[in-house]
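Read the confidence of this model before its geometry. The paragraphs below take up its elements, its backbone, its cysteines and an enclosed space.

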Amino acid sequence: MKRADLLKVSDFDSKSYNSISKGEHSIYVRKKIIDESYTVPIYRYLPFSFLIQLLREKKLYIPNRQRFSDIRELSEYHFKNIEELKCKLNPMLRGKQKSNYQALMEKHSQIWGQAVSCWTYDSHNKGKTGNPLDENYLMWQCHKGKKFVCRIRSSVQRIINSIDILSHDILISEIEYVPLLRRHIAHTPEDIFKKPEFYIDEQEVRMVALHNNKDGYIAKDCVRIPITPEMMIDEITLSPFIVPEEERILIERLKSILGDIQIAIKHSQLMEYFTNS
């Protein structure tokens, strides 16, 4: 996709965002996230190896949306196959579908080619003990297929403070969960921040990096944002599905990389494996 087709901040409802300048580019936070919520904890579940990379390189990895495996995040390839299948199954649609197809694809391609980082409030009702349940068993389960997984805690304010200079504009917004009947292939930039209401328990906060490479084409892999890790992260939680012996090894590795950096490391409250520590 060439430069003329790339999404810009002006393609969004700019009046709905507060901007924080970071050099030539800015972070835009949707106004629905009120000032008091800037310090509310948000969490990101990720492979342990990604965390190690983040700490060593001091860069936040934001993958291109095309790399997602979620079938609700339909790729350009899948969308093309669906439209072609509709035409083959219903000859009466062929003329109309063909005339609309190119316009639909252009709109969808703009939105599909962005870099997205998914976070969660992970704040749920209190249990019988009265203690807040700030972990989600299903979120841990979603990542269980990866051998070693962890969760990092931050906040919108911490993310803002951890970034000095940006080479891309970033938008941050809570996800709007809509009835499935309203869910469609993304046609407007704001659709980046919409998901079916069945996902409402994810409590997602989404970062979008509007990006292109030096030749003016959308980067195919990811965006890496320089950060100060200890300003962005204040807590690391290890997966409850890691056996205690392996957990101890991972903690020692984390401590050796962190050195004098003070970031709390804790066990999961779920405690899939009970330990004496």
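Helices (H or I, at least four residues) and strands (E, at least two) are DSSP runs, numbered from the N terminus. The model is predicted, so local features need pLDDT of at least 70 and side-chain atom pairs count only at pLDDT 80 or more, while totals for chains, interfaces and linings use all residues. Residues are numbered from 1 along each chain as its sequence is written, and side-chain values use heavy atoms, with hydrogens and water left out.

The predictor's confidence in each residue, from 0 to 100, is its pLDDT. The protein averages 79 on this scale, and 69% of the residues score at least 70. Among the elements, helix H5 (residues 156-162) has the highest mean pLDDT, 97, and helix H2 (residues 76-89) the lowest, 50. Over residues 74-79 pLDDT stays under 50; the model has 14 contacts (heavy atoms within 4.5 Å) beyond four places in sequence for this stretch. Residues 213-218 also stay under 50, with 18 such contacts.

Most residues other than glycine have a negative phi. Lys58, not a glycine, has a positive phi of about 55°. This residue is found in the loop between helix H1 (48-57) and strand E4 (59-63). Gln203, likewise not a glycine, has a positive phi of about 50° and lies in the loop between strand E9 (194-196) and strand E10 (204-210).

How exposed are they? Relative accessible area (1.4 Å probe, protein chains only) is called buried under 20%, exposed over 50% and partly exposed in between. Lys58, at 45%, is therefore partly exposed, and so is Gln203, at 22%.

Two cysteines fall on opposite sides of these cut-offs: Cys142 is exposed because its relative accessible area is 60%, whereas Cys150 is buried, at 0%. Counting as a disulfide any pair of cysteine sulfur atoms within 2.5 Å, the model has zero disulfides.

The structure holds two cavities of 30 Å³ or more. A cavity is a set of points, on a 1 Å grid over the protein atoms alone, where a 1.4 Å probe fits but cannot get out; lining residues have an atom within 4 Å of a point. The second largest has about 60 Å³ of space. Its lining consists of Arg44, Leu46, Phe50, Gln53, Leu54, Glu57, Lys59, Tyr61 and Arg224. Strand E3 (41-47), H1 and E4 each give two or more residues to this lining, and H1 gives the largest share, four residues.

Notes. On a 1 Å grid over the protein atoms alone, a cavity is a set of points where a 1.4 Å probe fits but cannot get out, and a pocket is an open set with protein on both sides within 12 Å along at least five of seven lines; lining residues have an atom within 4 Å of a point. Grid points are joined across faces, edges and corners, and a volume is the space filled by probe spheres set on the points.
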